[in-house]
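Colleague: I've got this model open and I'd like a close look at one helix. Could you take me through it, and then add anything else that stands out to you?

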Amino acid sequence: MTELFDGELLTVAPATTSSRTERVGYALRRPSGVDLIVAAELRSEMESLTNRYDAVASATLLADAGQQLNKVAFLADEAPAGRVQRELRSLQADAATLMGQLIWDASQRRDHESARAYYAQSLEVARHLRDRTSEGHALLRTCYVALYGANDHRQGLEIALQAAQITRKTSHALTGLALLHAAEAHAFLGEDSECERALLGAEKHLERSDGADAAHALFTSTHFGRLAGSCYLSLGKFDKAQQLLQDTASRMQGRRKSRAIVLGNLTLTAIRRGDLDAALVVFNDAIDELQGTRGGGGMNIVFRAARELRPWRAEIAVQEAQDRLLALMEAA
């Protein structure tokens, strides 16, 4: 990187991890002097945690994420009003959302209360900032707890639609994602036509999302196939589900937790079609993806698939696959 000084170009060395740590440490000792450089470095630290989410077990990230949230909240409380404080508050909202996500995943999607508490913290800060993108993201995460944890599909639908409404004018990515989960809620409820309408609306918004979208990083090209495939599985449209889920799984690289969910749903699709051989192939692939990550969503779906394999429990290949799943649990 270069800067112009008195007509000459000077080379500026990039910040090292040591220098970043020193600057943040200095700010924590003298919080009234915190500046945008420190805020940017804290943002970079949080993005690093977020980027590791899909590759490692969430339990291994909890301590660092908790420390990060505490640092940001402390500095936001002490910083002078203005641009720096607003940036720190925005980061606090995102850090609280990440903590909720990590705790819920680490608990195998069982600790609903703690996850909701962190999302509520994020919502409070986002609403204080009048930041509809952060508010929509926290609501969407709250929707996941209702849909996939508490199995309250009607409440999940209501929260998803609320998130879509809030972000409609600020983020096509978040609006599209919210409508995708609304579609899945409709599918869980057996509402076929409503599901299709929500999928169509989601697709239109996601097609319009670009790099200028504040939440663009939350959306990937495989999101639509993953959620639409799950919808068609729930609605009993197994041919459509298989096509979408197979294509999506083949295009997912590096997102191991998300891919395990897709493979789990693909296993269920094959089971419900009566194709045991295909089911066992993807069942074992899903277990491979769960090694080292233990993603809560994938674990829950794979265990559901294991229960649906019981009619074939006398088959040696089924016994071996289920033994692999038990070994995975014992290794935790």
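Modeller: Here is a walk along one helix, followed by a buried glutamate and a pocket. Keep in mind that this is a predicted model.

Let's take helix H15, which covers residues 316-330. Its 15 residues reach 21 Å from the first C-alpha to the last, close to the 21 Å expected at 1.5 Å a residue. Now check which side chains are tucked away: Val318, Ala321, Leu325 and Leu328 are buried in H15. Look down the axis of H15 and those buried residues fall within an arc of 80 degrees, so they line one face of the helix. As for what covers them, the list includes helix H13 (276-290) and helix H14 (296-308). Turn to the other side of H15 and you'll find Ile316, Glu320 and Glu330 exposed.

Elsewhere, have a look at Glu135, which sits in helix H6 (residues 132-149). Glu135 counts as buried because its relative accessibility is 11%, and the cut-off for that is under 20%. Leaving aside residues up to four places away in sequence, Glu135 touches Leu123, Ala126, Arg127 and Ile166.

Last stop is the second largest pocket, with a volume of about 160 Å³. Helix H2 (36-52) and helix H3 (62-78) each supply at least two residues of its lining. The residues lining this pocket are Glu45, Ser48, Leu49, Arg52, Asp64, Gln67, Gln68 and Lys71. By type, that lining divides into four charged residues, three polar and one nonpolar.

Notes: Residues are numbered from 1 along each chain as its sequence is written. This is a predicted model: local features need pLDDT of at least 70, side-chain atom pairs count only at pLDDT 80 or more; totals for chains, interfaces and linings use all residues. Side-chain values use heavy atoms; hydrogens and water are left out. Helices (H or I, at least four residues) and strands (E, at least two) are DSSP runs, numbered from the N terminus. The expected span of a helix is 1.5 Å times one less than its number of residues. Buried means under 20% relative accessible area, exposed over 50%, partly exposed in between (1.4 Å probe, protein chains only). The arc is that of the directions from the helix axis to the C-beta atoms. Contact means heavy atoms within 4.5 Å. On a 1 Å grid over the protein atoms alone, a cavity is a set of points where a 1.4 Å probe fits but cannot get out, and a pocket is an open set with protein on both sides within 12 Å along at least five of seven lines; lining residues have an atom within 4 Å of a point. Grid points are joined across faces, edges and corners, and a volume is the space filled by probe spheres set on the points. Ala, Val, Leu, Ile, Met, Phe, Trp, Tyr, Cys and Pro count as nonpolar, Asp, Glu, Lys and Arg as charged, and the others, Gly among them, as polar.
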